[in-house]
Amino acid sequence: MRQFYKHIYADKVLKQFYTSCELCGKKKYAEKIPVLCRNPYMLYAFEHGQVKDPRQTLYNHKKAQSVQHLVRFFNHCQQCGKWVCDECYEAKGDIDGCRDCVERFSK
């Protein structure tokens with residue numbers, strides 16, 4: 001899950017955490033960014049862990065909750081390392097992975 005954590009982003013318009021499939025680009029949203037952390041000027045600092053403030057802890061906690069929610073909808077391809085949605089992940093016989101890898105290795 002630590003690998004997946006860096007694939008969670010903050011949508012500055014919708015004020016929610018999200019991630020997207022690395023193949024098809026579909027976005028999946030999770031937890032809302034805490035109200036105390038929605039300042040557009042501070043959001044960049046929160047994303048990079050630069051704030052020494054209780055709000056940083058709150059931001060990190062909500063991001064961790066988002067990881068736990070979103071990881072259920074994405075799969076890690078063991079061949080190329082991409083995080084892909086369930087629709088782009090295939091399990092065919094001996095080869096499990098993203099659609100691209102399964103096509104490449106099944107030939």
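The exercises below, each with a worked solution, concern a predicted model.

**Exercise 1. The sheet**

Task: Work out in which order the three strands of the open sheet are arranged, and which of them are edge strands.

Solution: Begin with the pairings, and recall that strands of a sheet pair through backbone hydrogen bonds, either parallel or antiparallel. Three bridges join β1 to β2, and these two strands run antiparallel; one of the pairs to look for is D11 with its bridge partner Q16 in β2. Next, β2 (residues 16-20) pairs with β3 over four bridges, again in the antiparallel sense, and among the residue pairs here are S20 with K27 and T19 with K28. Putting the pairings together gives an open sheet in the order β1-β2-β3. The edge strands are therefore β1 and β3 (27-32), since each of them pairs on one side only. Neighbouring strands of this sheet are turned by 40° against each other on average, if direction is ignored.

**Exercise 2. The two hairpins**

Task: For the hairpin of β1 and β2, and then for the hairpin of β2 and β3, find how many residues lie between the strands and which residue in the turn has a positive phi.

Solution: Take the hairpin of β1 and β2, where four residues lie between the strands and K15 in the turn has a positive phi of about 60°. Then follow the chain through β2 to the hairpin with β3, which has six residues between its strands, and where G25 in the turn has a positive phi of about 85°.

**Exercise 3. The surroundings of β2**

Task: Decide whether β2 is largely enclosed by the rest of the structure or not, and identify the helix that lies across β1, β2 and β3.

Solution: Count the buried residues of the strand, where buried means under 20% relative accessible area. Four of the five residues of β2 are buried, so this strand is largely enclosed by the rest of the structure. The helix in question is α3, which lies across β1, β2 and β3 and runs at about 140° to β3. One residue to inspect in α3 is S66, which counts as buried because its relative accessibility is 0%. Leaving aside neighbours within four places in sequence, S66 is in contact with I8, F17, A30 and E31, and a polar atom of the S66 side chain lies 3.4 Å from the backbone nitrogen of E31.

**Exercise 4. The two faces of α2**

Task: Determine which residues of helix α2 (residues 40-47) are buried, and why they lie on the same side of the helix.

Solution: The buried residues are L43, A45 and F46. They cover an arc of only 165° around the axis, which puts them on the same side of α2. These buried residues pack against β1 (9-11) and α3 (54-70), whereas the face turned away from the buried side carries the exposed residues P40 and Y41. Finally, look at both ends: at the start of α2, a side-chain oxygen of N39 reaches to within 2.8 Å of the backbone nitrogen of Y41, and the helix is followed by G49, whose phi is positive, near 65°.

**Exercise 5. A core residue and an exposed leucine**

Task: Establish which residues touch the most other members of the largest nonpolar core, and then whether L36 is buried or exposed.

Solution: In soluble globular proteins, nonpolar side chains tend to be buried together. Here the largest nonpolar core has 23 residues, of which F4, I33 and Y59 touch the most other members; the elements that give two or more residues to this core are α2, α3 and β5 (83-85). For I33, with residues up to four places away in sequence not counted, the residues touched include A10, F17, L43 and Y59. Turn then to L36, in the loop between β3 and α2, which has a relative accessible area of 56% and is therefore exposed. With the sequence neighbours up to four places away again set aside, L36 touches R55 and L58. The C-alpha atoms of L36 and K15, which are 21 residues apart along the chain, are separated by 11 Å.

Key
Residues numbered from 1 in each chain as written. Predicted model: local features only at pLDDT ≥ 70, side-chain atom pairs only at ≥ 80, totals over all residues. Heavy atoms only, no water. Buried < 20%, exposed > 50% of the residue type's maximum accessible area, 1.4 Å probe, protein only. Arc of directions from axis to C-beta. Contact = heavy atoms within 4.5 Å. Polar contact = N/O pair within 3.5 Å; in protein donor to acceptor, adjacent residues only side chain to side chain. Pairing = 2+ DSSP bridges. Axes fitted to C-alpha atoms, helices over the stretch in contact; angles between N-to-C directions. Core = buried A, V, L, I, M, F, W, Y, C linked by side-chain atoms within 4.5 Å.
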